[in-house]
Amino acid sequence: MRITELLDKRSISLQASPKTKSETLDMAVDLMAASEKIKDKEAYKKLVYAREEESTTGVGEGIAIPHGKGDCVEKPGLAAMVIKDGVDFEALDDEPVNILFLIAAPDTEDNVHLDVLSKLSMMLMDEEFRNNLINAKDADEFMEIIDKADEERGSVDESLAETSIADDTSGSLKVVAVTSCPTGIAHTYMAAEGLEKAAGKAGIKIKIETRGSSGAKNVLTDADIAAADCVIVTADAKVPLERFKGKKLIQRKVADGINKADELMGIVQNGTAAVYEGGDSEESAGASSDESGGAGHKVYTWLMSGVSHMLPFVIGGGILVAIAFLIDTIAGYGATGGGDFGSITPLAALLKYIGGLAMGLMVPVLAGYIAYAIADRPGLAVGFVGGILASSGNALLSGYTFAEGALVDGKPLGAFSEFLSKFAFQQPDGGNTVSGFLGGIVAGFLAGFLVLGIQKVCSKLPAALDGLKPTLIYPLVGIFLEGIIMCFILNPLIGLANTGLSNMLTSISDAGMITVLGLILGAMMAIDMGGPINKAAYVFGTGMLATASQYLAQGIPSSDPKVEACYIAMAAIMVGGMVPPVGIALACWIFPKKFTKAERGSAVSNVVMGASFITEGAIPFAAADPLHVIPCTMVGAGVAGFLAALFKCTLMAPHGGVFVFATVGNPLLYIVAWLVGSLVTCFMLGIIKKPIEQ
């Protein structure tokens with residue numbers, strides 16, 4: 001089959017000028033539809049966009065090869081666009097795309113078209129071929145250029161099979177490689193072409209096994225592997241690695257085979273690749289495609305790695321805590337449980353304990369897997385420790401003997417020890433040093449880049465120390481540096497901020513500005529969802545409940561404005577904390593295109609957590625897109641807190657959400673405040689947040 005057999009003149013545009021990636025994809029789908037090779041245009045379009053969610057198909061060098069495979073495709077086809085001014089396509093090299101081929105593949109067992117498409121992918125790696133296509137005067141010339149190059153080039157199998165190294169006696173360095181991507185249509189073969197060219201330039205003999213949609217081709221033999229000086233695996237899909245045990249192995253993402261092939265050959269020549277010791281699963285996954293796109297896209301994918309691993313802890317633990325409150329409410333303690341509410345009955349206490357531990361892990365997991373995405377396994381331990389420090393804060397100084405300024409035996413503290421005791425520890429009367437999920441995000445990125453820096457420094461150490469690096473050097477130095485920065489910089493600064501916040505809230509309360517206080521408290525609950533600002537507001541609210549108890553003990557009636565102000569503050573805090581998860585859940589249902597499938601799937605659990613006053617249900621959304629989500633949740637929660645204070649709603653319980661509405665004064669108006677705030681968040685997200693495909 002010839003490449004031009006898949007290409008229809010009606011599906012070629014040589015003067016396209018889209019402004020955005022989504023506009024580019026829409027135009028390409030329209031071209032494909034014009035060739036009458038797809039049965040359901042909208043279904044096919046969804047497939048194309050779903051593929052882009054996995055990783056960008058802008059492969060670099062000005063090329064994009066989006067594709068969709070499914071039952072909605074009548075027969076295999078190509079659509080082509082030349083974009084002479086270029087368009088931002090979030091390409092792997094962050095450069096504009098000038099030429100695009102859209103692939104339509106039917107979901108059938110007959111995969112003859114895949115070889116043809118794979119061949120086109122490899123041809124596009126030729127700069128002269130690309131320039132000729134871009135400068136074609138009309139569709140006929142465009143197709144002639146493709147046909148001529150197609151005829152001159154052998155098949156994919158022939159091209160790769162010529163690179164066998166088992167019997168090579170030239171004395172050159174020899175490499176075996178495996179390339180693979182999830183779809184197996186384009187990236188697999190472009191990576192193979194990139195590696196082959198880079199090897200030829202470096203004078204290295206190479207044999208490449210491709211693992212595409214039509215199966216493994218040019219499979220490496222035991223003799224090839226034995227003869228190789230190094231193995232290169234560029235894959236975003238699972239490939240067997242055990243056969244490479246004892247060989248030097250470079251394992252990268254498939255994108256690196258396309259854009260960093262020269263760098264990989266440099267590693268081969270330097271001999272710095274680590275020896276693969278085995279122990280992974282026989283079907284060991286290659287590197288993921290998280291590095292696709294530019295710097296912003298990389299940061300997003302690193303962040304999403306932490307969020308996706310954190311989500312089960314938030315949902316599972318949060319719902320268990322909510323059930324604990326429900327059990328105590330059913331048992332009749334909703335209005336009288338006070339601070340012990342949720343753990344009064346044994347079953348409730350057990351569930352709250354288990355759920356609380358699960359939720360306590362969410363920030364360490366978030367930080368750990370952000371670091372893991374940046375620096376692989378060496379970053380995991382450092383990130384976890386940073387997350388624990390973010391969620392726990394600094395150690396309480398008053399719990400140690402040296403709190404009194406001397407050691408156990410009475411010896412005075414030296415200058416350095418005194419500095420440590422006063423600066424790296426939370427003082428007995430100091431502010432809170434817990435930095436919460438925002439601190440966890442910072443800790444995760446800090447850990448990842450610390451480990452990368454340590455790895456770079458350690459690359460100059462003797463090869464004999466390679467075995468000690470991942471087990472001793474990286475965790476020891478990384479955890480030490482991470483801990484120092486968290487304890488001496490981030491946590492103390494947050495402690496000072498919390499003290500200032502507490503003083504500000506007290507001043508506003510003393511001034512009798514109750515609606516302003518409600519607005520601020522509500523907004524604070526939704527800025528960092530369980531972090532230091534959220535906790536500062538909540539601690540202030542519980543302190544107000546304690547103050548109300550003191551007033552009542554002094555004989556002041558509950559109708560006194562001073563007592564009511566305490567209960568109004570707590571009501572504003574709880575309604576503000578209930579808004580973010582519910583507002584986001586509503587937005588998932590009303591504006592589904594703004595959220596990923598996984599995010600939409602958590603909407604119901606967010607309603608449960610929001611109703612239970614578990615603000616942390618919004619954390620995965622805020623962590624994934626903080627610049628758009630946090631302002632929306634903050635405004636919605638602030639509106640809810642303002643309305644609750646304006647309606648003079650009161651609350652005498654410190655927690656529980658809907659399970660303690662029996663203790664709420666003006667409960668109907670309280671529900672109105674909650675719903676209005678949630679709708680404000682919902683519609684702000686609908687306006688501000690970008691569609692997920694962008």
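**Salt bridges, a buried helix and two nonpolar cores**

In this predicted model, a salt bridge joins the side chains of E36 and R10, with 3.7 Å from N to O. E36 sits in the loop between α1 (21-34) and α2 (41-54), whereas R10 belongs to strand β1 (residues 7-13), so the pair ties together parts that are 26 residues apart in sequence. How exposed are the two partners, E36 and R10? E36 has a relative accessibility of 56% and therefore counts as exposed, since the cut-off for that class is over 50%. R10, with a relative accessible area of 44%, is partly exposed. The pair also has company: D8, R10 and E36 are linked in a network of salt bridges.

The search of the whole structure finds 15 salt bridges, and two further examples can be set beside this one. In one of them, the side chains of K41 and D30 meet at 2.4 Å, N to O. This pair links distant parts of the chain, with K41 in helix α2 and D30 in helix α1, 11 residues apart. K41 is partly exposed at 35% relative accessibility, and D30 is also partly exposed, at 38%.

The other example joins the side chains of K689 and D625, at 3.0 Å from N to O. K689 is found in the segment after α25, and D625 in the loop between α23 (619-624) and α24 (626-646), so this salt bridge ties together parts that are 64 residues apart in sequence. Are these partners, K689 and D625, buried or exposed? K689 has a relative accessible area of 7% and is buried; D625, at 16% relative accessibility, counts as buried because the limit is under 20%. Behind all such pairs is a simple idea: side chains of opposite charge can pair when their charged atoms come close.

Attention now turns to the nonpolar residues. In soluble globular proteins, nonpolar side chains tend to be buried together. Here the largest nonpolar core has 76 residues, and those with the most contacts inside it are M574, L651, Y670 and W674. Helix α20 (residues 561-590) supplies the largest share of this core, 16 residues. Apart from this core lies another, of 35 residues, including I103, F129, A255 and I258. Y670 gives a closer look at the contacts: leaving aside neighbours within four places in sequence, Y670 touches A571, M574, V575, A644, C649, L651, F661 and V664.

Helix α7 (residues 187-202) offers a neat check on geometry. At 1.5 Å a residue, its 16 residues should span 22 Å, and the end C-alpha atoms are 22 Å apart, which agrees. Of those 16 residues, 12 are buried, so α7 is largely enclosed by the rest of the structure. Among the buried residues are H187, Y189, M190, E193, L195 and E196. After α7 comes G203, whose phi is positive, near 75°.

How far can the model be trusted from place to place? The chain averages a pLDDT of 81, and 83% of the residues score at least 70. Confidence is highest in helix α25 (residues 667-688), at a mean of 93, and lowest in strand β13 (residues 283-285), at 45. Over residues 280-293 the pLDDT stays under 50, although the model has 49 contacts beyond four places in sequence for this stretch. Where pLDDT is low, the predicted coordinates should not be read in detail.

Technical notes:
Residues are numbered from 1 along each chain as its sequence is written. This is a predicted model: local features need pLDDT of at least 70, side-chain atom pairs count only at pLDDT 80 or more; totals for chains, interfaces and linings use all residues. Side-chain values use heavy atoms; hydrogens and water are left out. pLDDT is the predictor's confidence in each residue, from 0 to 100. Helices (H or I, at least four residues) and strands (E, at least two) are DSSP runs, numbered from the N terminus. Contact means heavy atoms within 4.5 Å. The expected span of a helix is 1.5 Å times one less than its number of residues. Buried means under 20% relative accessible area, exposed over 50%, partly exposed in between (1.4 Å probe, protein chains only). A nonpolar core is a set of buried Ala, Val, Leu, Ile, Met, Phe, Trp, Tyr and Cys residues joined through side-chain atoms within 4.5 Å. A salt bridge is a side-chain nitrogen of Lys or Arg within 4 Å of a carboxyl oxygen of Asp or Glu.
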